[in-house]
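Biologist: Before we discuss this structure, could you show me the model together with its sequence? I should then like to go through its strands, its pockets and some single residues.

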Amino acid sequence: MLSCVLLCSLVSAGAGGDGKLEIVNPRATYGHLGAARPKGTGILPGDVAHVAFEVNNLKHDDKGQSSYSIAIEVRDGSGELFYKQEPFNSVAQNFFGGNSLPCSAQLEIPQNAKPGTYSWKVTIHDRLANKSATVSGKGDVLKADFGLIRVGTYADAEGKVPVPSVGMVGSTIYVNFAAVGFARSGKSKQPDLAVGMKILDENGKATFAKPITGHVKSDIPASLNIIPLQYGVTLNRPGRFTIQLSAHCELCGKTSTVSIPVRILPLD
């Protein structure tokens with residue numbers, strides 16, 4: 001399956017838009033609104049690539065509304081077209097002033113995607129000013145292997161409301177992730193995964209003595225190639241922390257880890 005979704009919300013847009021139209025700060029993230037992925041790590045087949053960026057200086061009408069289109073093109077290492085979204089028209093409303101339109105795109109990487117370096121290009125066209133801006137980059141699709149994918153933080157257990165890895169004291173976030181590329185037992189046809197989570201404070205000290213662990217080794221359909229996993233985390237004190245997720249395949253002997261920063265704000 002190959003699909004792409006674009007999300008743009010005008011949380012701060014100025015009424016002028018007199019500066020140069022530009023796309024700035026493109027970055028890969030763990031999920032929509034999520035923390036930045038480490039650069040140069042690549043992405044496994046079956047994962048979802050998320051890219052966030054800002055569009056500056058769109059022109060707006062006298063009601064503070066902008067009209068624009070966005071197009072996406074992805075090509076593989078040989079230059080062959082991997083994915084293309086034709087210009088998609090949209091509008092956004094100015095609410096708080098400023099000149100920036102936060103946007104994000106997500107692209108599901110098929111499990112049979114060929115490994116290699118892929119190039120991508122995003123084009124924004126300001127339909128009111130009749131101006132365009134483009135940003136491009138490259139990313140690596142890794143060889144299919146055991147690993148953790150689809151990492152993101154959500155406000156709900158169903159994983160329908162993505163949120164940043166920032167929250168207030170007393171709230172709860174759900175950390176979603178999934179395992180892919182795991183082995184299955186020759187007899188039972190079941191996987192055998194040991195999953196864990198530990199949290200470090202800003203000094204690198206664990207907030208509890210032993211990781212919170214779980215085991216996945218039964219009731220997994222034979223057709224399921226990606227196993228969804230989740231931890232609910234209550235934000236009980238302010239500070240900056242790091243959530244470390246891990247999974248070990250007992251059958252193939254491989255381990256995968258992912259770390260995401262979390263910031264908890266006090267209730268002032």
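Modeller: Here is the model, which is a predicted one. One residue pair may serve as the start: Thr172 stands opposite Thr234 in E14.

Biologist: In which sense do E11 and strand E14 pair, and over how many bridges?

Modeller: Strand E14 spans residues 226-234, and the facing pair Thr172 and Thr234 involves this strand. Strands of a sheet can pair in either a parallel or an antiparallel manner, through backbone hydrogen bonds. For E11 and E14 the sense is antiparallel, and the number of bridges is nine.

Biologist: Which residue of E11 is the bridge partner of Ile149?

Modeller: Strand E9, residues 147-154, also pairs with E11. That pairing is antiparallel and runs over six bridges. Within E11, the residue bridged to Ile149 is Ala178.

Biologist: Is strand E11 mostly covered or mostly open, and how many of its residues are buried?

Modeller: Strand E11 covers residues 172-180 and has nine residues. A residue is called buried when its relative accessible area is under 20%. E11 is mostly covered, and the count of its buried residues is seven.

Biologist: Let us turn to the open sheet. What is the order of its four strands?

Modeller: The strands of this open sheet pair in the antiparallel sense. Its edge strands are strand E5 (81-93) and E8, each of which pairs on one side only. From one strand to the next the twist averages 15°. The order is E5-E4-E7-E8.

Biologist: Which residue in E7 is the bridge partner of Ala71?

Modeller: Strand E4, residues 65-75, pairs with E7 in the antiparallel sense. There are eight bridges between E4 and E7. In E7, the partner of Ala71 is Thr123.

Biologist: Ser67 lies in strand E4. Does Ser67 count as buried or exposed?

Modeller: The contacts of Ser67, leaving aside residues up to four places away in sequence, are with Ser90, Val91, His125, Asp126, Arg127 and Leu128. The relative accessibility of Ser67 is 14%. Buried means under 20%, so at 14% Ser67 counts as buried.

Biologist: Leu128 appears among those contacts of Ser67. How does Leu128 count by its relative accessibility?

Modeller: Leu128 is placed in the loop between strand E7 (116-126) and strand E8 (131-141). Beyond residues up to four places away in sequence, Leu128 touches Lys59, His60, Asp61, Gln65, Ser66 and Ser67. Its relative accessibility is 37%. Because that value lies between the 20% and 50% limits, Leu128 counts as partly exposed.

Biologist: What distance separates the C-alpha atoms of Leu128 and Gly42?

Modeller: Along the chain, Leu128 and Gly42 are 86 residues apart. In space, the separation of their C-alpha atoms is 37 Å.

Biologist: Now to the empty space. Which element gives the largest share of the lining of the largest pocket?

Modeller: The largest pocket holds about 810 Å³ of space, and its lining is made of 33 residues, with Ala28, Val51, Trp120, Lys138 and Gly139 nearest its centre. Two or more lining residues come from each of strand E2 (22-29), strand E3 (48-56), E4, E5, strand E6 (100-108), E7 and E8. By class, this lining has 21 nonpolar, seven polar and five charged residues. The largest share, six residues, comes from E8.

Biologist: How do the residues lining the second largest pocket divide by class?

Modeller: About 550 Å³ of space lies in the second largest pocket. Of its 30 lining residues, those closest to the centre are Val48, His50, Gln106, Arg150 and Tyr154. E9 gives the largest share of this lining, four residues. The division is 14 nonpolar, eleven polar and five charged.

Biologist: What is the volume of the largest cavity?

Modeller: One cavity of 30 Å³ or more is counted. The lining of the largest cavity consists of Tyr30, Gly34, Ala35, Val151, Gly152, Thr153, Ser165 and Ile260, and its largest share, three residues, comes from E9. By class, four of the lining residues are nonpolar, four are polar and none is charged. The volume of the largest cavity is about 40 Å³.

Terms used
Residues numbered from 1 in each chain as written. Predicted model: local features only at pLDDT ≥ 70, side-chain atom pairs only at ≥ 80, totals over all residues. Heavy atoms only, no water. Buried < 20%, exposed > 50% of the residue type's maximum accessible area, 1.4 Å probe, protein only. Contact = heavy atoms within 4.5 Å. Pairing = 2+ DSSP bridges. Axes fitted to C-alpha atoms, helices over the stretch in contact; angles between N-to-C directions. 1 Å grid on protein atoms, 1.4 Å probe; cavity = no way out; pocket = protein on both sides within 12 Å on 5 of 7 lines; lining within 4 Å. Points joined across faces, edges and corners; volume = space filled by probe spheres on them. Nonpolar A, V, L, I, M, F, W, Y, C, P; charged D, E, K, R; others polar.
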